[in-house]
Amino acid sequence: MIVFLLITGNVFSQKHSKNQQEVQLLADNIFHLSEVMLHDVAAPVAASRFYAYAMLGAYETAHYGTGRLVNLNEELNANPEIKPPVLPKNFNVSLASNYALLHVGRFIMPSGAMLEEKQKALVAYFKKKKKISESDIKDNIRYAEEIAKSVLAYARTDGYNKLSTYTRYSPSKKEGYWYPTPPEYMSAVEPQWKTIRTFFLDSAKQFAPPPPVAYSKDSTSAFYKLMLEVYEAKNNITKEQLAIANFWDCNPFAVDYSGHMAIGLKKISPAGHWMGITSIACKKADISLDSAILIHSMVALTLHDAFISCWQEKYFSDRIRPESAINILIDPSWRPVLQTPPFPEYTSGHSVASSSVAVVLTYLLGDNFNFLDTSEMYFGIPAREFKSFYQAAEEAAISRLYGGIHFRDACENGVVQGKQIGQFILSNMVDLQAKQN
């Protein structure tokens with residue numbers, strides 16, 4: 001097992017029961033973020049941003065409160081100015097970090113006010129179960145809120161508030177370019193996400209993939225072969241491939257129709273799925289709370305940058321979805337297994353995000369880390385077992401072809417793009433560790 005060098009001291013504590021309780025509490029509060037995102041139908045890119053800043057709130061609170069975590073601010077773009085208040089006399093890293101996580105989420109998400117009840121429940125838990133005094137709880141809350149305030153100020157400068165000021169995106173009328181798909185024909189989601197500030201990447205274009213296979217009507221062309229592969233994969237899908245497609249669907253925009261009634265299907269985002277996997281892995285590894293905060297934070301920040309990189313390419317190449325191409329060139333009535341998401345095809349977001357996180361988790365928790373992924377059981381989807389994070393990421397990537405929503409080159413080149421992002425982020429963090437030692 002590889003131990004990440006950013007934590008001083010013994011990462012893998014022997015106090016198993018305490019570790020489990022503290023990491024479970026962190027996981028529960030991260031899931032409360034997911035619940036709000038489900039309520040808001042948060043886009044995949046927006047979800048990655050919300051997780052990133054919420055986890056940054058938890059991380060900075062733990063870093064300044066304990067001194068056991070490396071100072072991330074030197075590595076993050078625009079160097080956030082965190083001004084920690086006077087440390088509480090009886091600082092409790094679990095109480096303060098969880099409270100900061102919820103506090104950032106409360107003020108950064110559209111329906112974040114829902115998290116106020118979770119904050120109250122957190123306080124009640126520490127008051128009843130941990131026997132922490134009223135004055136100590138107030139001191140820890142004050143500390144957490146001040147850290148959260150600094151993180152929220154940093155978030156306000158990342159370009160998110162400018163998204164609505166850009167010229168409205170209009171789909172190209174040229175052949176081979178993206179346009180809205182059935183059944184909702186939704187407008188393109190977040191076409192200017194490339195303008196959001198990254199945490200680690202130098203720019204959204206830093207790890208641009210090779211150009212996608214060019215659109216062609218020629219039945220002997222490379223594009224036509226890619227299209228036929230998707231068409232035939234759906235028409236001949238196996239039970240296992242169908243299970244894989246559904247397991248990794250993670251489409252918050254899915255809509256089902258019953259007569260004249262449209263029913264929104266609640267599904268977690270790709271970022272939410274991988275945050276769930278991270279919690280599962282941290283609990284299985286029985287690591288300390290410090291380690292769990294670091295690992296969840298690194299995953300969240302990586303997801304954030306991976307989606308910015310992917311969205312840059314999506315709206316640059318602006319490639320048509322398989323459903324649209326097949327309807328034009330092969331079968332007007334064909335529909336994919338999964339509902340086509342409302343944005344361009346290349347590269348596959350799940351491929352980029354999953355492979356970037358797999359690099360990070362493999363470094364932090366080791367290769368061949370087997371785990372049972374129960375992230376989707378909340379939505380009635382059976383758990384799946386994986387022998388490693390890379391195996392899970394590879395399955396997430398190919399699931400998009402099985403589901404009929406991506407061509408193979410979008411999946412495969414997306415995996416390469418994601419791995420490059422993950423490796424770049426890790427190299428920066430190792431350099432930071434060396435400088436601060």
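The paragraphs below go through the fold of the chain, its salt bridges, one helix and a few single residues.

The structure is a predicted model, so local features are reported only at pLDDT of at least 70 and side-chain atom pairs only at pLDDT 80 or more, while totals for chains, interfaces and linings use all residues. Residues are numbered from 1 along each chain as its sequence is written, and side-chain values use heavy atoms, with hydrogens and water left out.

To start with the overall picture, the protein chain holds 13 helices and four strands; these are DSSP runs numbered from the N terminus, with helices being H or I of at least four residues and strands E of at least two. Along its principal axes, the C-alpha trace spans about 70 × 50 × 45 Å. The radius of gyration, taken over C-alpha atoms, is set against a globule rule of 2.2 Å times the number of residues to the power 0.38. For 437 residues a compact globule would come out near 22 Å, and the protein chain has 22 Å, which agrees. Buried residues account for 59% of the 437, where buried means under 20% relative accessible area, exposed means over 50%, and partly exposed covers what is in between (1.4 Å probe, protein chains only). The accessible surface adds up to about 17800 Å², and carbon and sulfur atoms supply 53% of that; areas come from the Shrake-Rupley method with a 1.4 Å probe, and for residues only the protein chains shown count as cover. As for contacts (heavy atoms within 4.5 Å), 80% of those with a separation of 6 or more join residues 24 or more positions apart.

Salt bridges come next. The rule asks for a side-chain nitrogen of Lys or Arg within 4 Å of a carboxyl oxygen of Asp or Glu, and it gives a count of 14. One of them pairs Arg68 with Asp290, with 2.3 Å between the closest N and O atoms. Arg68 sits in the loop between helix H2 (44-66) and H3, and Asp290 in helix H9 (residues 289-317), so this pair ties together parts 222 residues apart in sequence. The two ends are covered to unlike degrees: Arg68 is partly exposed at 35% relative accessibility, whereas Asp290 is buried at 6%.

Another salt bridge links Lys217 and Glu175, whose closest N and O atoms are 2.6 Å apart. Both residues lie in the loop between helix H5 (134-155) and helix H6 (222-235), so the pair ties together parts 42 residues apart in sequence. Lys217 is partly exposed, with a relative accessible area of 47%, and Glu175 is exposed at 51%.

Glu323 and Arg335 also meet through their side chains in a salt bridge, at 3.5 Å from N to O. Here Glu323 belongs to helix H10 (residues 322-329) and Arg335 to the loop between H10 and helix H11 (349-365), so the parts tied together are twelve residues apart in sequence. Glu323 is buried at 2% relative accessible area, while Arg335 counts as partly exposed at 34%. Beyond these pairs, Glu229, Arg408 and Glu412 are joined into one network by salt bridges that share partners.

Helix H4 (residues 116-128) makes a handy geometry check. The expected span is 1.5 Å times one less than the number of residues, so the 13 residues of H4 should cover 18 Å, and the end C-alpha atoms are indeed 18 Å apart. Its buried residues are Gln119, Leu122, Val123 and Phe126. They take up an arc of only 95° around the axis, which puts them on the same side of H4; the arc is that of the directions from the helix axis to the C-beta atoms. An α-helix has 3.6 residues a turn, so residues three or four places apart point the same way.

Phe126 turns up again in the surroundings of Ser94, a residue of helix H3 (residues 93-108). Ser94 is buried at 3% relative accessible area, and beyond four places in sequence it touches Glu22, Leu25, Phe126 and Leu289.

Asp409, in helix H13 (residues 408-436), is buried too, with a relative accessible area of 9%. Leaving out neighbours within four places in sequence, Asp409 is in contact with Pro212, Val213, Leu226, Arg319, Tyr346 and Gly414.

Ile328, in helix H10, is partly exposed at 46% relative accessibility. Apart from residues up to four places away in sequence, Ile328 touches Tyr179, Tyr215 and Ile320. From Ala254, Ile328 is 74 residues away in sequence and 23 Å away in space, C-alpha to C-alpha.
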